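Here are some short exercises to help you find your way around a protein you haven't met before. Try each task first, then read through the solution.

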Amino acid sequence: MQDVPNLILIGPMGAGKSTIGRLLAAELSRDFHDSDHEIQSRCGADIPWIFDVEGESGFRDRESAMIAELTRREKVVIATGGGAVLREENRQRIREGGTVVYLFTTVEQQLKRTAKDRNRPLLQRGDREQLLRDMFALRDPLYRATADLVVRTDRRGPRAVVNDIVRRVQRLVDPLTCKAES
């Protein structure tokens, strides 16, 4: 699958972007970059600290700069933060940067996967379930408008999701090959 462009994973927190991204990059023998981890590494501070000191808009500025940098690279797998799609400039760069995969999961799965996570500043205020539902209502249409593929991650293991993505991306790249194999 050398002809596959960059793969960029978008979706809500708890969808599995980091886990699936690492496995997908290994499967394709590519470098993996998680925009949130890259920001933390550059700043020498975790995301909750950045939110506390710079506010959400300061974090989003850093996120936009990181997405601009990462999407200029070649033959990589990129996992974006859940809120990356909130800015049109990010959506545009993501779309132009490669094949975009929306890792869809339910709010119920997000609640389970983020239950003990204290590293998500947006979930530290108020009713977690309602916050996730509100974010879903706002962001799901943006994820769908940005994505080339929508892949469900709930009730599936990461390896099954990776295999699904590889198969579906191959169809996008070379549909005739896949028909011949069927």
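## Exercise 1: Around L70

**Task.** Start with L70: which residues does it touch, leaving out those up to four places away in sequence?

**Solution.** Setting aside residues up to four places away in sequence, L70 touches H33, S35, E38, V76 and I78. Keep in mind as you look that this is a predicted model. Next, place the residue: L70 sits in helix 3. Now check its surroundings: the relative accessible area of L70 is 1%, and the cut-off for buried is under 20%, so L70 is buried. Finally, look along the chain to R93, 23 residues apart from L70; the C-alpha atoms of the two are separated by 9.6 Å.

## Exercise 2: The overall layout

**Task.** How many helices and strands does the protein have, and in what pattern do they follow along the sequence?

**Solution.** Count the elements: there are eight helices and five strands. Then read along the sequence, and you get β-α-β-α-α-β-α-β-α-α-β-α-α. The protein has 182 residues, and buried ones make up 49% of them. As for contacts, take those between residues at least 6 apart in sequence: 72% of these join residues at least 24 apart.

## Exercise 3: Helix 3 against helix 4

**Task.** Is helix 3 roughly parallel or roughly antiparallel to helix 4?

**Solution.** Here's the general idea: two packed helices are described by the angle between their axes and the distance between the axes.

1. Get the numbers. Helix 3 (residues 47–70) and helix 4 (residues 88–97) have axes that come within 9 Å and cross at roughly 15 degrees.
2. Apply the cut-off. Angles under 35 degrees count as roughly parallel, so helix 3 is roughly parallel to helix 4.
3. Add the handedness. The crossing of these two helices, helix 3 and helix 4, is left-handed.
4. Find who takes part. Helix 3 brings E63, S64, I67 and A68, while helix 4 brings E89, N90, R93 and I94.
5. Sort them by class. The contact of helix 3 with helix 4 has three nonpolar, two polar and three charged residues.

While you're in helix 3, take a look at D61, which is also found there. With a relative accessible area of 44%, D61 is partly exposed. The C-alpha atoms of D61 and R87 are separated by 9.8 Å, and the two residues are 26 apart along the chain.

## Exercise 4: Helix 1 against helix 7

**Task.** At what angle do helix 1 and helix 7 pack, and how far apart are their axes?

**Solution.**

1. Helix 1 (residues 17–28) and helix 7 (residues 158–173) pack at an angle of about 55 degrees, and their axes are 9 Å apart.
2. That angle makes helix 1 oblique to helix 7.
3. The crossing of helix 1 past helix 7 is right-handed.
4. From helix 1, the residues in the contact are T19, I20, L23, L24, E27 and L28; they meet P158, R159, V161, V162, I165 and V166 in helix 7.
5. Sorted by class, the residues of this contact of helix 1 with helix 7 come to nine nonpolar, one polar and two charged.

## Exercise 5: Aromatic rings

**Task.** How many aromatic pairs does a search of the whole structure find?

**Solution.** The search finds four aromatic pairs. One of them is F51 with F59, a tilted pair: 5.1 Å centre to centre, with 35 degrees between the planes. Both F51 and F59 are buried. Now turn to Y102 and F104: their ring centres are 5.9 Å apart and their planes are at 80 degrees, so this pair is edge-to-face. Y102 counts as buried at 0% relative accessibility, and F104 counts as buried at 10%. To finish, Y102 and F104 join F136 and Y143 in one aromatic cluster.

## Exercise 6: Positive phi

**Task.** Where is S29, and where is R155?

**Solution.** Some background first: most residues other than glycine have a negative phi. S29 is not a glycine, yet has a positive phi of about 55 degrees. S29 lies in the loop between helix 1 and strand 2 (31–34), and is exposed, with a relative accessible area of 68%. R155 also has a positive phi, near 60 degrees. R155 is in the loop between strand 5 (149–152) and helix 7, and at 74% relative accessibility R155 counts as exposed.

Note on methods. Residues numbered from 1 in each chain as written. Predicted model: local features only at pLDDT ≥ 70, side-chain atom pairs only at ≥ 80, totals over all residues. Heavy atoms only, no water. Axes fitted to C-alpha atoms, helices over the stretch in contact; angles between N-to-C directions. Helix = DSSP H or I, 4+ residues; strand = E, 2+ residues; numbered from the N terminus. Parallel < 35°, antiparallel > 145°, perpendicular 65-115°, else oblique. Left-handed = near helix turned anticlockwise from the far one by under 90°. Contact = heavy atoms within 4.5 Å. Nonpolar A, V, L, I, M, F, W, Y, C, P; charged D, E, K, R; others polar. Phe/Tyr/Trp six-rings, centres within 6.5 Å; stacked < 30°, edge-to-face > 60°. Buried < 20%, exposed > 50% of the residue type's maximum accessible area, 1.4 Å probe, protein only.
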